[in-house]
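Visitor: I would like a close look at a single part of this model, explained slowly for someone in a first year of study. Please begin with one residue and then move on to its surroundings in the chain.

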Amino acid sequence: MTATATHCPYCALQCAMTLSSAAATAREADADGSASLAAAVTVAGRDFPTNRGGLCKKGWTSAELLVSPDRILEPLLRQADGTFEPAAWSDALDLVAAKLRETRAEFGADAVGVFGGGGLTNEKAYQLGKFTRVALRSSRIDYNGRFCMSSAAAAGNRAFGLDRGLPFRVDELDAADTILILGSNVAQTMPPFIGHLDGARAAGGLVVVDPRRTATARLTADGAGMHVQPTPGSDFVLLLGLTHIVIAEKLVDQDYLEARTTGFDAVRRSVSQWWPTRVQEQTGVPVWQLRELARRLAAGAARGAATGSGTYILTGRGVEQHADGTDTATAAINLSLVLGLVGTSHSGYGTLTGQGNGQGGREHGQKCDQLPGYRKITDPAARAHVAGVWGVDPDSLPGVGLPAVELLSALGEPGGIRCLLVHGSNVVVSAPNADRVRAALKTLDFLVVADFFFSETAVLADVVLPVTQWAEEEGTMTSLEGRVIRRRQAVEAPGGVRSELWIWQELARRLNSPGTFSAEAAAVFDELCQASAGGLADYSGLSYALLDSEEPAFWPYPVGSTGTPRLFLDRFAHPDGRAHFVAVTARRLGAPAQVGGTLTLITGRLLEHYQSGTQTRRVKELADARPEARLQLHPATAEQLGIEDEAWVEVSNDRGTVRCRAQVSTDIRFDTVFLPFHFAGDQRANLLTDDETDPISGMPEFKKTTVRVKALVEAGAHV
Amino acid sequence: MSEKPERIVLVGYGPVGARFVEELLPLVRQGAATLTVVGAESADAYNRVLIAEYAVGNADRESLDITDTLAAREAGVHLRRGVGVTAILRSRRVVSLSDGTLLPYDRLVLATGARANIPTLDGVTRVRRDRQIPPTDAATLDTSGAPLPRGVTVLRDLDDAERVLAAVTAGKRIVVLGAGVLGMEIALAAAAAGGEACVVYHGEIPMARNLDRGGGSVLARSARRAGVTMVNHSRAESLLFHQDDDGVDRFDALICADGKQIHGDLLLLSCGVGARTELAQLAGLPVSTGVLVDENLQSWTDARIYAIGDCAHVAAAPRAGDSTAPPAGGPSGLIGPGWRQADWLAARFIASVLGRPDTAALAASASAVVMLKAEGIDVVSVGNTSADPGDLSVDDHAAGCASAPLHVSQWADPEHGRYVKMVTRDGILDGFVCVGMPRTAAELTLLFERGSELPADRSVLLRYDGPDYEPEAGSAFARDATVCWCNGVTVGAIADSAEAGNTTIACIGAATRAGTGCGGCKARIGDVLERFAAATAESAS
């Protein structure tokens, strides 16, 4: 038996776990292969400051996927008749390399696109960016984090000069007096996190803003705090209104504003128009509740200065996944700044990163405008530094590419992308206006998908490359608190499966790429550290040896430092050292008349599933608990539309139609319906969402979709 | 697009004018238009909506700032403040200013706003504003008339607000004449601040323009409970004065037609506002309760002149043969519609100057929602709410009648200060009154603004303000209540597991994973087990 200390494969909380297995050679030793391996790998929680030994249902069952019968075990090539046939790795890679070369020769380097994922390790995220720019010489790389953290990242960068989801340690929340959570259902998306809310709950200070009475909102019951239930898409106005009250009631931290910020006057003027009754008019949140909330936040902040138990404001995708998500996140930051929360020892603002490596994945060059170390690709000094590490001419690096939605819109278009590589993403389920994406993928000359399973995207590929799962590989992840942690190999991968690092090494060699592409995670990490040196996300003081000592490692971690658990204590990352207020204007007000079944759709996650469900839908215990999508709607709305609990409904707009069963519940506003986004086929919530994007972050409008809901009479066909 | 930049002149720099400036900045920045703003007040535009808050000390002067004048200047806007417009010379397309300069325009936007009405009272000099006889003296065009006696004020600008604030902070007795929204807000705020306040009004109920009888009486009752003296059915006739030490008369009491004398330290006249239309009238533009403009906000008779905000009376221009009676409606007196007009007109100007296709038509202003801003008393109303539940029914309605019948749903609980009336057509709100039920009011406002259908069971809306709304509802020990959120384990699953012999928290954890996430539910697992054990013991005995 060997025990391996690693972390969960799923969300950004990255709960620590121990994988115990018989020797890695168990597979060969045992006659009946995979079944015995399943028995051989067991998961146990491991004590760690974030999860304190606990795991959620997803973590406990994660090892089941290592031996899933659905696993792809060798490269597959699409045949003329549309079926897939296995192929040798050398043949598959020769074919891919040939197609990449041909496409580039005929249509130019930017005709090859790359789509990455926020679940890839730091090493892979880094190497994928390098591979695209050095081996493919293409600018066309972006990733699914664009659908996740881009708005909060853009808002954090312009306010603080730096974006680290939580600029403090998760366990610092334990001491909080007041925690305001907007648009995040942590009790279901990262359940062990809620242990860190206990202090605020005991102080009666947990406030959850959500159009649904979610599991997280329920944590405010019985005197633990308050649930605020605005109409979808009005969170922006809500935040402006809270800022208005804080200013009007003189709850502003004046000393802090003067010492640590610039730009307050513009914000003061811009929120003057959002007096409480006008906010009530737009949000559905009554004035008394707005005032009570503003006062509580300020009281917590004052208490923080006196006793150390302060106020934290945390945002999630609910407020960020809007076509004005950057400005909405900025409004949350402005509120945090007027209260004097950010960069203190007792309070703070943070955004709750979603995907496993959603933090690290956005730092090292998977973004279309970025180079490792959270550097800008447009910055000549950044280009020179990174090109130096890569051993190439800075001028050979391409410029800014296209953000995810634009990149997907360019598929198959004239002058657009003809050949696409997809790593760690299932865009057919996760991208907005999903059917349009599906259709666009089909117009490509060549699609390569690397995955462990036949995801809905892999099904469309010309070549599917089977890759390692988390327990089969080495690497690092950067969790939601900016802590760099080690992912360690516990078992051998099946014989026909390879790591992406190896795949890119092989492809780079076939493409005669300059530079070196190591297949060893540790070597790639060392290079990443060098490339990030001097950047905002500086990892240069880190190494596997240091991480393996289990020393806490929070970036920035430049050589010679011991890392930065809490950011901004002395200064912000702008050259002037101050936090910058940015006055923002809410323009996307109102909603269409809700008549005859017209309602507002919001989407989100369930406890049992993760992202597009490619993994969790293949875990029996999870799939049994939540086998299909259910449309949550209020009983009054259901009654009006003649819909009964569990009856089939049709949810549609001019982009698509979802058919699923209804879940009638008073836990949702009567003007709102909810769909989880983990399901495939005609239960894809993203068939309905709009691919209109935020002009700053490129974030699509996921959280405010107008739909028509009706009872489906011919239910038999769908049962 | 013309070669020369379009010359735009804006008269008035209040909140609506300032909004128009902000929205037009892109056009000015790119040099396609010049914008000159003429404002009589020398202060920057401020948020007049909050003037009542300021007057009772709930907002400071800074928080009234609403626009970045510096940014406007930097963008190239010419600001002429402390200067009045004395005349519009339409044939020459210039306006003349009080400092003698002439300002040419291609488009002229009037945002001159409104002034407080001064009622006819013996003891108060009232400037005559006869609509039939236009004023001729330009110098008096933009003043608010003769000074009011000491101890008497209106509440419209910063100076007024400071007078009221001084009285409120000194705990003086304030007599408010008129029970409109503003009057009620001041009285309630003064009472909340510990002062004495008395509201004197004509009719039976306060806010008679906005509320039905039921809503009005509940408000009056709530206001009394909040410490405000409400004096209804009272027509004010004259003022009594006493002499201050310096020999100047000061307000002493208000005398009503029935002989009542109401004493106080400050009399606040809160009798509505009237549009500042003199400039337009002098220039021969049609004027009713405001400057008459069509749905494009263009003057009925001069396509180069526009009006927005409190001075604008939007009505379709009459065609030949139409009635010559003054059109219905008038300025709403609310900021929301004014801002929408400013936004829309700026967008329209940008489109036409740049030669782009016209923007969508200005949405017809639905009746504006009126909300009373007072802590602890919530009043929201909109639309026509005079109908009563017994008035109309589907049966009475003639078949084939063009408009759908009105339906009324009502909830009245005056004892507890709660009252709701919803007037609907085809399930969509035509108007509503909501007193003392803030969450319901907020939802009704959303439903009205969007024109959305109400839940067929209207009582769903009332329950938001009920004590049973919050999530405590339901027993923590119901079988389907979740105990462990991390692993989605219910009371039922724990009970079943206990029945199967897992009687400790550790055993339950191993069997169901309950408590193996954040661990926060372990105490509750213990409670469930204890209850289960007790139940088993009971059934065994």
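Guide: A364(B) is exposed because 7 other C-beta atoms lie within 10 Å, where exposed means 12 or fewer such atoms within 10 Å, buried means 20 or more, and partly exposed lies in between, with C-beta atoms placed from the backbone. This is a predicted model, in which local features need pLDDT of at least 70 and side-chain atom pairs count only at pLDDT 80 or more, while totals for chains, interfaces and linings use all residues. Residues are numbered from 1 along each chain as its sequence is written, and chains are lettered from A and ligands numbered from 1 in the order in which they are written.

A364(B) sits in the loop between α8 (335-353) and β21 (370-374) of chain B, where helices (H or I, at least four residues) and strands (E, at least two) are DSSP runs numbered from the N terminus. Its C-alpha atom is separated by 20 Å from that of A303(B), 61 residues apart along the chain.

Strand β16 (residues 266-269) of chain B offers another view, since in a regular strand the side chains alternate between the two faces of the sheet. Here L266(B) and L268(B) point one way, L267(B) and L269(B) point the other way, and all are buried. Strands pair if DSSP finds at least two bridges between them: β9 (residues 152-153) of chain B runs parallel to β16(B) with 2 bridges, and T153(B) is the bridge partner of L268(B). Strand β10 (residues 173-177) of chain B also pairs with β16(B) in the parallel sense, over 4 bridges, and V175(B) stands opposite L267(B).
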